[in-house]
Amino acid sequence: MKKVYNPGKTELAELLKRPSKNIEDVERTVNQIFGEVSYMGDEAVKKYTSLFDGAYPDKIKVTPEEIQAAEALVSEELKEAIQLAKSNIESFHAAQKTEKVSVETVAGVECWQEKRPIQKVGLYIPGGSAPLFSTILMLAVPAQIAGCKEMVLCTPPNKEGKVNPVILYTAKLCGIDTILKVGGIQAIAGMTFGTESIPKVYKIFGPGNQFVTVAKQMATKYNVSIDMPAGPSELLVVADDSADAVFVASDLLSQAEHGGDSQVILISLSEVFLEKVEAEVQKQLQDLPRKDIAAEAIENSRLIFVNDQKEALAIINEYAPEHFIVCTEDSDFFVNGIENAGSVFIGNNTPESAGDYASGTNHTLPTNGYAKQYSGVNLDSFLKTISFQKISEEGIQNIGPAIELMADAEGLKAHKRAVSFRLKALKNSSDE
Ligand SMILES: [Zn+2]
């Protein structure tokens, strides 16, 4: 872990840099697979599934029998835990519904806006080193509350051509009936173009490795939108002597075990505390099953001591962390002052894991500094806003002359006429 005391401006900029990767090679691969999937559909999808996943599933779509069999493989205890998480996520996201907004801007001009669900959404759930069934809850629950008509879930099969039973169980629990054994670039391409087995969708959600990320960006070139540009997971903790070093070390490691490229940062207002955490991290690291992954991330992590709160806050807002934990005496200072963060965890009893699984907030969050302009996934991510207007005779008379003038000034004669004809007709009818 890199330890720094009161870093200067240039040193800080260097310290807070995210590791960047060269994606040119990835783009070339993504381009090729997109091309093949758009022309050859399932055939290309199967080809790349065997190439990348070493699997040859005869059917891409998971069968009802497979889903039923999976249910028996999940323990009752885990089912109850998933149910608890699901109901908390439901409560929090259902509460995000908003009323129709309606205003009469001037007499006779009625304007309002209402939300409507995105009809077809695609959820990408990585298989890989950890089966992220929690992500299904985070995406499918709000999609269902929003009223999305079609939910498609893509997840890579293992070498035997099977999908992890917990993923199948959770997907079914969330009302998803189209589950497809396809991962990586070919999954994103499939949902972008549609194939014999994979329905085309309007928006793609979900985390993934670098290949999936670049593929999602490619999808946007074909009129499919995405939740957000995703990067490796991050956590920033600000703490002082009121925090618990054991807790903070466990939080840092919880993010570190996501991947070797995860970034964790501790900003401490106390030198003693900083050293306590440093020792504790090494101690806790030893018996983690994902020790190697966590150690790699910890290697690139930073412990930064700063003298005062204001300076700490400025650094945090500049970094814009995906996850932000506040364990300080005066937590309000940071809670009120935070401008850029994906999700904030406050106090010694609020681990980041709570938001990952079961408190109710969403865990699909902006990384890589995108918390400066992106929100995490929430109910609105699955909705669009439509504006409506209805203008009466009085209304068109009130705003018509202004529209005529403006259209004329822009040289758009047909626009002007669309108003003039109506005003004239009204005048004629009142003259009669
Ligand atoms: Zn996490």
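# Reading buried residues, helices and cores

Author: Let's start with H93, which is buried, with a relative accessible area of 1%. Keep in mind that we're looking at a predicted model.

Reader: Okay, so how do I read "buried"? And where does H93 sit?

Author: Buried means a relative accessible area under 20%, so H93 at 1% makes the cut. H93 is part of helix α5, which covers residues 76-94. Setting aside residues up to four places away in sequence, H93 touches P142, I145, G360, T361, N362, V377, N378 and L379.

Reader: Can I ask that about a whole helix? How many residues of α8 are buried?

Author: Sure. In α8 (residues 184-193), 8 of the 10 residues are buried, so the helix is largely enclosed by the rest of the structure. The buried ones are I185, Q186, A187, I188, A189, G190, M191 and T192. They pack against several elements, including α2 (24-40), α3 (42-53), β5 (150-155) and α9 (210-219). Right after α8 comes G194, with a positive phi near 80 degrees.

Reader: What about phi in residues that aren't glycine?

Author: Most residues other than glycine have a negative phi. Two cases here go the other way. The phi of N223 is positive, near 65 degrees, and that of A320 is positive too, near 55 degrees.

Reader: Are N223 and A320 buried or exposed?

Author: N223 is exposed, with a relative accessible area of 74%, whereas A320 is buried at 0%. N223 is in the loop between α9 and β8 (225-226). A320 is in the loop between α13 (309-319) and β12 (323-327).

Reader: Next up, what's a nonpolar core, and which residues touch the most other members of the largest one?

Author: The general idea is that in soluble globular proteins, nonpolar side chains tend to be buried together. The largest core here has 38 residues, and V121, L123, I136, I176, I179 and F382 touch the most other members. Among the elements that give it two or more residues are α4 (64-73), α5 and α7 (165-173). The largest share, 9 residues, comes from α6. There's also a second, separate core of 29 residues that includes L180, A187, I204 and I226.

Reader: How do I describe two helices side by side, like α6 and α7?

Author: Two packed helices are described by the angle between their axes and the distance between the axes. The axes of α6 and α7 come within 9 Å and cross at roughly 15 degrees. That makes α6 and α7 roughly parallel to each other, and the crossing is right-handed. At the contact, F133, I136 and L137 in α6 meet V166, I167, T170 and A171 in α7.

Reader: Last one: which residues does UniProt list for "binding site"?

Author: The unreviewed UniProt entry lists Q255, H258, D356 and H415. They span 161 residues of sequence and are spread in space as well, up to 56.2 Å between C-alpha atoms. Two of them make a nice contrast. Q255, in helix α10 (residues 245-256), is buried at 0%. H415, in helix α17 (residues 413-431), counts as exposed at 51% relative accessibility. Beyond its neighbours within four places in sequence, Q255 has contacts that include S233, H323, E352 and D356.

Notes. Residues are numbered from 1 along each chain as its sequence is written. This is a predicted model: local features need pLDDT of at least 70, side-chain atom pairs count only at pLDDT 80 or more; totals for chains, interfaces and linings use all residues. Side-chain values use heavy atoms; hydrogens and water are left out. UniProt positions are given in the numbering used here, feature names are shortened, and annotations may be inferred rather than shown by experiment. Helices (H or I, at least four residues) and strands (E, at least two) are DSSP runs, numbered from the N terminus. Buried means under 20% relative accessible area, exposed over 50%, partly exposed in between (1.4 Å probe, protein chains only). Contact means heavy atoms within 4.5 Å. A nonpolar core is a set of buried Ala, Val, Leu, Ile, Met, Phe, Trp, Tyr and Cys residues joined through side-chain atoms within 4.5 Å. Axes are lines fitted to C-alpha atoms, for helices over the stretch in contact, and angles run from 0 to 180 degrees between N-to-C directions. Angles under 35 degrees count as roughly parallel, over 145 as roughly antiparallel, 65 to 115 as roughly perpendicular and the rest as oblique. A crossing is left-handed if the near helix is turned anticlockwise from the far one by less than a right angle, and right-handed if clockwise.
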